[in-house]
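Subject: Structure handover

Hello,

Here is the structure I promised you. Please open it next to this note and follow along.

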Amino acid sequence: MHFLDQAKIFIKSGDGGPGAVSFRREKYIEYGGPDGGNGGKGGDVIFEAVAGLNTLIDFRYTQHFKAKRGSPGAGRDRTGAGGPDLVIQVPVGTQILADDEERSLLADLTKAGERIVFLRGGDGGRGNASYKTSTNRAPRQHGPGWPGEEMWVWLRLKLLADAGLVGLPNAGKSTFINAVTNAQAKVGSYAFTTLRPQLGVVSHKGQEFVIADIPGLIEGAAEGAGVGDRFLGHIERCRVLLHLVDANDTDVATSYRIVRDELEAYGADLIDKPVIVALNKIDTLDDELIAALSAELAAASGLPVMALSGASGAGVDAVLDKLLEAIGHPEPGEDEDEEAGGDWSPI
Ligand SMILES: Nc1nc2c(ncn2[C@@H]2O[C@H](COP(=O)(O)OP(=O)(O)OP(=O)(O)O)[C@@H](O)[C@H]2O)c(=O)[nH]1
Ligand SMILES: [Mg+2]
């Protein structure tokens, strides 16, 4: 499903630094004993879940993560410095999976601030001082340092859409999501260009939210007409719907009502969700017609109507403002999933 964001990355913890071979050399002290210090420990690879990240998109560009090695030990019993840990920040809800057939779950980061030491850095090698015994007082032995661990893993994040796009086929839903997100939805001048839901992340005024583009609804979708209405499950958890109506439709009020009827027939309280009604494709109209059609839609919906064009960009920012306002922003740590009580997953 397109509701999954995932990325494959290579991680490696730091090798331990080698132990030192050294002998004490001081004036008046002959045969100073061994004083080679141990090597430092290599850096760990740590995953940290942070609030405010929404996707794994950054991992498509950076795929290799290696922690630094420990420093070598030194004379006068000095232990080498440890390699700094490498902290990889991921969105809350990220799962770490093995790169094998089963994709077995290795770790699950569910809370902001949660940290997992995933790969431990190698221990430092022993310096020659630590090999001294009663029978071997001048050992030249030393440890090379233990290697770090390395592996490929999959990061996987289940995305939940904050906003859902609804409308008849050809209303311009995919064109809109392409205009405002990183999604590359297929656009076509025929009905049902979109057959599967797709998500995109909107970045607007320093905030991010996830929007879902779904197939168009037609009359009778609840009974299976068109591609049916199963995919509406993907927007059950959205906080707001954006209902796009094509200004070129014969009767915008009817277009509006057909979709509302299908939302109602589907159930799951979709009909009661906050909705922003918008007249789309206004680049094809003059101001007078925009005003007239907006008034018709407002009368049909009983709601204020916004006007936009996904193609030209007119009115798009204002619609994003409204969506952001409707979505609001949960306090950090607020767990919507628990609140909703269900374990419905879009996957
Ligand atoms: N003039 C104009 N044309 C648009 C606009 N938005 C979309 N279109 C055109 O309308 C047609 C349908 O656009 P899509 O974005 O595929 O519509 P959709 O709602 O995703 O359609 P389905 O996936 O079939 O439900 C395409 O030919 C687009 O080029 C717009 O703002 N202005
Ligand atoms: Mg589409």
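A polar contact here is a pair of N or O atoms within 3.5 Å. Keep that cut-off in mind for the ligand. One caution first: this is a predicted model.

**The ligand site**

Start with S174. A polar side-chain atom of S174 sits 2.8 Å from an oxygen atom of ligand 1. That distance is within 3.5 Å, so the pair counts as a polar contact. T194 also has a polar side-chain atom 2.8 Å from an oxygen atom of ligand 1. With G188 the backbone is involved: a backbone N or O atom of G188 lies 3.1 Å from an oxygen atom of ligand 1. Now the cover. On its own, ligand 1 exposes 640 Å². The protein buries 86% of that area.

How many residues surround ligand 1? There are 23. The closest are K173, T175, F192, T194 and D283. Sorted by class, the shell around ligand 1 holds 13 polar, 7 nonpolar and 3 charged residues. Which element gives the largest share of that shell? Helix α1, residues 173-180, does, with 3 residues. As for the space itself, ligand 1 takes up the second largest pocket.

**S22 and its partner**

Next, go to the loop between β1 (4-12) and β2 (45-50), where S22 is placed. Is S22 buried or exposed? S22 counts as buried because its relative accessibility is 16%, and the cut-off for buried is under 20%. The side chain of S22 makes a polar contact with the side chain of D35, at 2.6 Å.

**The loop between β3 and β4**

Two residues are worth a look here. G73 lies in the loop between β3 and β4. G73 has a relative accessible area of 12%, so it is buried. Measure across the model from G73 to D162 if you like: the C-alpha atoms are 53 Å apart in space, and the residues are 89 apart in sequence.

D77 belongs to the loop between β3 (64-66) and β4 (86-91). What is the sign of phi at D77? Phi is positive, about 60°, although D77 is not a glycine.

**D269, another positive phi**

D269 is not a glycine either, and its phi is a positive value near 60°. Look for D269 in the loop between α2 (252-266) and β13 (275-280). D269 counts as exposed because its relative accessibility is 56%; the cut-off for exposed is over 50%.

**K158 and C238**

K158 lies in strand β8, which covers residues 150-158. The relative accessible area of K158 is 43%, so K158 is partly exposed. How far apart in space are K158 and R78? They are 48 Å apart, C-alpha to C-alpha, with their positions 80 residues apart in sequence numbering.

C238 is in the loop between β11 (207-213) and β12 (240-246). C238 is buried because its relative accessibility is 3%. C238 and I211 are 27 residues apart in sequence. In space, their C-alpha atoms are 8.6 Å apart.

**Where to look first**

I would begin at ligand 1, with the side chains of S174 and T194 and the backbone of G188. Then go to the contact between S22 and D35. After that, check phi at D77 and D269.

Best wishes

Conventions. Residues are numbered from 1 along each chain as its sequence is written. Chains are lettered from A and ligands numbered from 1 in the order in which they are written. This is a predicted model: local features need pLDDT of at least 70, side-chain atom pairs count only at pLDDT 80 or more; totals for chains, interfaces and linings use all residues. Side-chain values use heavy atoms; hydrogens and water are left out. A residue is near a molecule or strand if one of its heavy atoms lies within 4 Å of it. A polar contact is a pair of N or O atoms within 3.5 Å; within protein, one must be able to donate a hydrogen and the other to accept it, and residues adjacent in sequence count only if both atoms are side-chain atoms. Accessible areas come from the Shrake-Rupley method with a 1.4 Å probe; for residues, only the protein chains shown count as cover. On a 1 Å grid over the protein atoms alone, a cavity is a set of points where a 1.4 Å probe fits but cannot get out, and a pocket is an open set with protein on both sides within 12 Å along at least five of seven lines; lining residues have an atom within 4 Å of a point. A molecule sits in a cavity or pocket if more than half of its atoms lie within 2 Å of its grid points. Helices (H or I, at least four residues) and strands (E, at least two) are DSSP runs, numbered from the N terminus. Ala, Val, Leu, Ile, Met, Phe, Trp, Tyr, Cys and Pro count as nonpolar, Asp, Glu, Lys and Arg as charged, and the others, Gly among them, as polar. Buried means under 20% relative accessible area, exposed over 50%, partly exposed in between (1.4 Å probe, protein chains only).
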